[in-house]
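Here's a quick tour of the fold, going piece by piece. Have the sequence and the 3D view open as you read.

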Amino acid sequence: MRILFTNEIGVKFFDFAFTKDNQFIKYYVLSKMDKKVVVNALKNDLRLALLRPDLSEAKIYKDSAYTYITTRDKSGNDHYITEDCKKLVRIEKASKRKPVVVVQMLNYINGVPDSIDVQHKNFKFHISLKRVER
C-alpha cells in the first residue's frame, strides 16, 4: 500500500509504502520534514489509520452505544471503536492513562469514510485526510 501526500498544486510532501509483511518504506520526504521523529510519527499514525493491527490477541468490550476492539502493543493500547462492528467511528492509541492519538472517521459514503482526522493529544500534530475522486 503506497501513501503519497501532496497539496492542491501538486507539491509532494512525502511518499511512503507498507509492504504485505507490514514493513515500512520511505521513498521521499520533503527536506524540512525529514526528521526521524516526524517520519516515525507519520509512520505510526498512518499504520493506525490504515487499519494494520495484529488482531490475534484482541479483546472485545461493549457498552450501550459502541463495540470496542482493543489490542496491546509495547506503547499501550489501540482501541477500535465501532457501531456494532458495522461502522468504524474512531481509533484511539492510548497510554496507560489517557488517549495519545485519536483517529476519527467522518462522512461515510458507501461504507468508506470521506475524511480521516488524526490528532495527537500530547503535542501539536494534526493530519486531515480527504478522499479524492478522479
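Strand β1 (residues 2–6) shows an alternating side-chain pattern: I3 and F5 face one way and are buried, while R2, L4 and T6 face the other way and are not. That fits the general rule that side chains in a regular strand alternate between the two faces of the sheet. Keep in mind that this is a predicted model.

**The β1–β2 hairpin**
- β1 runs antiparallel to strand β2 (residues 12–18), and five bridges join the two.
- T6 has K12 in β2 as its bridge partner.
- The two strands make a hairpin with five residues between them, and G10 in the turn has a positive phi of about 95°.

**The seven-stranded sheet**
- Seven strands make up an open sheet, ordered β4-β5-β6-β7-β8-β9-β10, with antiparallel pairing.
- At the edges sit β4 (59–62) and β10 (126–130), each of which pairs on one side only.
- From one strand to the next, the twist averages 15°.
- Strand β9 (residues 112–120) pairs with β10 over five bridges, in the antiparallel sense.
- In that region, I116 stands opposite L129 in β10.
- Helix α1 (residues 36–49) packs on the sheet, where it touches β6 (76–83), β7 (87–94), β8 (99–109), β9 and β10.
- The direction of α1 makes about 45° with that of β8.

**Helix α1 up close**
- Does the length of α1 come out as expected or not? At 1.5 Å a residue, its 14 residues should span 20 Å, and the end C-alpha atoms are 20 Å apart, so the two agree.
- The buried residues in α1 are V39, A41, L42, D45, L46, L48 and A49.
- As background for reading that list, an α-helix has 3.6 residues a turn, so residues three or four places apart point the same way.
- Right after the helix comes L51, with a positive phi near 55°.

**The nonpolar core**
- Which residues touch the most other members of the largest nonpolar core? Of its 22 residues, they are F14, F16, L46, I91 and V103.
- β1, β2, α1, β7, β8 and β9 are the elements that give two or more residues to this core.
- The largest share comes from α1, with five residues.
- Leaving aside neighbours within four places in sequence, F14 is in contact with I3, L4, F5, Y28, V29, M33, L42 and L46.
- Among those contacts, I3 and F5 are the buried pair on one face of β1, and L42 and L46 are buried in α1.

Definitions and conventions
Residues are numbered from 1 along each chain as its sequence is written. This is a predicted model: local features need pLDDT of at least 70, side-chain atom pairs count only at pLDDT 80 or more; totals for chains, interfaces and linings use all residues. Side-chain values use heavy atoms; hydrogens and water are left out. Two strands pair if DSSP finds at least two bridges between them. Helices (H or I, at least four residues) and strands (E, at least two) are DSSP runs, numbered from the N terminus. Axes are lines fitted to C-alpha atoms, for helices over the stretch in contact, and angles run from 0 to 180 degrees between N-to-C directions. Contact means heavy atoms within 4.5 Å. Buried means under 20% relative accessible area, exposed over 50%, partly exposed in between (1.4 Å probe, protein chains only). The expected span of a helix is 1.5 Å times one less than its number of residues. A nonpolar core is a set of buried Ala, Val, Leu, Ile, Met, Phe, Trp, Tyr and Cys residues joined through side-chain atoms within 4.5 Å.
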